[in-house]
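This report describes a structure together with its sequence. The reader is asked to keep both in view while following the text.

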Amino acid sequence: MKRHIMLRRVAPVALSMLLAGCAGGRLGEKTAQEKREAARVARERREDRFAPVRLRQENLKSTLSDEEGRPIWEATSKLIEVEEKTKTGRLEGARFIFYDNGKPALEARAPLVTANYEEKTVQLRGGVEGISLTGGYGFRAKEAEWEYEKKQVRASGGVTLWREEWRVVGDELTGDTALNRVRLVGKPARLMVTQKSK
Amino acid sequence: MKRLLIVALMLLMCAAAPPEKAQRTVELEAPVIEREPDPKVPGGEIWKASGGVTLTTPDVNIKADSMIANVGKDRTMEQVRAVGGVVIKGSRKTADGIEQRLNATCNEAIYFMSEERLLLSGNVRGTVVEVERERTVELTSDKAHLWLREDRMMFERAKVKFTEPEKPAPKQE
């Protein structure tokens, strides 16, 4: 009987202590989370202070021109985020037309593109497809890069370049904007030409 | 009657369709392959391959240190110049249906694709094996022309050695 009374008195106290302990643990964890969140917000604010202009636009068409007003590239994308500090644009679902001496030379599409408006370089990622607008060559690669200063295209990762009657595959491609002069490197690179027997 | 007419029409259409020209594939393998427009031929192009090149066609297989291929205005590969350590393997059938297997090494070779002709130069060494006749022709030469379509070969300053199995002597009665 005595033991029963003791249990009835002790049990609620123990239970309340246990609950308090658990709650205390949760409370400590929440505080740490809050601290992390506060740090993140502060970091973002700091970043915003150094990069005051950040433009975000959907379905945008933009053209970059040289000093004489000749187009360098023309870009259309589903989404573009421009960061003024680094002069870069991050484009999603982009289609670029690269110009050579003011004439359209290459059209390229990629899911992800980073364009530097100051250095005039464009990096295309996530599976690139392109077509030479003067020679009619098509090309496909995992990644590609275009440089205005060098007027050069570099592509890597399962590169295929083709025209109606030939196809060449390799690991890396270097060429001029219109892909008239190209160099393919591979282990080995392979050229296949289909021709009609005379 | 209607069905018959349709079938006849389809047959006529099939007969009227122009016959497709036979196609052949030429393959070039190399660590480095370059393409540029041919400055001499408008619309033509030049393919340069280096670092150990293999050219494979239905008729011939050529290996060399480097190769230059010319593609004409009509977009067909016209000729391939192979330079350095050239090894050629090919086969052809003579007019009387005898299969000839060609093996050759030389310093330089030009393969004229439309004519299926090979011009070999510089320390040419080769063998022509006629499988059915068990005949082997070994040759060394400065220059050699091989016509893969025709039963024709031409050598300049050549040494040729024929090897044939001895014919059994006719039985004397």
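The sections below treat confidence, chain A, the contact between the chains, the strands of chain B and the nonpolar core.

**Confidence**

The model is predicted, with an ipTM of 0.79 and a pTM of 0.75. Chain B has an average pLDDT of 85, and 86% of its residues score at least 70. Among the elements of chain B, the lowest mean pLDDT, 65, belongs to helix α1 (residues 2–16). The highest, 96, belongs to β2(B).

**Chain A**

Chain A contains 1 helix and 11 strands. Read from the N terminus, the order of its elements is α-β-β-β-β-β-β-β-β-β-β-β. Of its 198 residues, 23% count as buried. Among contacts in chain A between residues at least 6 apart in sequence, 38% join residues at least 24 apart.

**The contact between the chains**

Chain A and chain B each supply 22 residues to the contact. On the side of chain B that touches chain A, strand β1 (residues 23–37) of chain B gives the most, with 15 residues. The residues on this side of chain B comprise 10 nonpolar, 4 polar and 8 charged.

Strand pairing also links the two chains: strand β11 (residues 182–196) of chain A runs antiparallel to β1(B), and 12 bridges join them. Within β1(B), B:Leu28 stands opposite A:Leu191.

**Strand pairs within chain B**

Which strands of chain B does β3(B) pair with? One partner is strand β2 (residues 45–56) of chain B, joined to strand β3 (residues 60–71) in the antiparallel sense. The other described here is strand β4 (residues 77–93) of chain B, also antiparallel to β3(B).

Further along, strand β6 (residues 117–130) of chain B pairs with strand β5 (residues 99–112) of chain B and with strand β7 (residues 135–147) of chain B; the strands run antiparallel in the pairing with β5(B) and in that with β7(B). The table sets out the bridges and the hairpins.

| Strand pair | Bridges | Residues between the strands |
|---|---|---|
| β2(B) and β3(B) | 10 bridges | 3 residues |
| β3(B) and β4(B) | 10 bridges | 5 residues |
| β5(B) and β6(B) | 11 bridges | 4 residues |
| β6(B) and β7(B) | 12 bridges | 4 residues |

Individual residues mark the register of these pairs. B:Ala49 has B:Met67 in β3(B) as its bridge partner, while B:Ile68 stands opposite B:Arg81 in β4(B). B:Tyr111 faces B:Leu118 in β6(B) as its opposite residue, and B:Val128 stands opposite B:Val137 in β7(B).

Which residues take a positive phi in the hairpins of β3(B) with β4(B), β5(B) with β6(B), and β6(B) with β7(B)? In the turn between β3(B) and β4(B), B:Arg75 has a positive phi of about 65°. In the hairpin of β5(B) and β6(B), B:Glu116 takes a positive phi near 50°. In the turn between β6(B) and β7(B), B:Glu134 has a positive phi of about 55°.

**The nonpolar core**

The largest nonpolar core has 68 residues. Those with the most contacts inside it are A:Leu161, B:Leu28, B:Ile33, B:Ile62, B:Met67 and B:Ala109. Two of these residues recur from the pairings above: B:Leu28 stands opposite A:Leu191, and B:Met67 is the bridge partner of B:Ala49.

Leaving aside residues up to four places away in sequence, B:Ile62 touches B:Leu55, B:Ala82, B:Val86, B:Ile88, B:Ala109 and B:Tyr111.

Technical notes:
Residues are numbered from 1 along each chain as its sequence is written. Chains are lettered from A and ligands numbered from 1 in the order in which they are written. This is a predicted model: local features need pLDDT of at least 70, side-chain atom pairs count only at pLDDT 80 or more; totals for chains, interfaces and linings use all residues. Two residues are in contact if their C-beta atoms, placed from the backbone, lie within 7 Å. Ala, Val, Leu, Ile, Met, Phe, Trp, Tyr, Cys and Pro count as nonpolar, Asp, Glu, Lys and Arg as charged, and the others, Gly among them, as polar. Two strands pair if DSSP finds at least two bridges between them. A nonpolar core is a set of buried Ala, Val, Leu, Ile, Met, Phe, Trp, Tyr and Cys residues joined through C-beta atoms within 7 Å. A residue is buried if 20 or more other C-beta atoms lie within 10 Å of its own, exposed if 12 or fewer, and partly exposed in between; C-beta atoms are placed from the backbone. pLDDT is the predictor's confidence in each residue, from 0 to 100.
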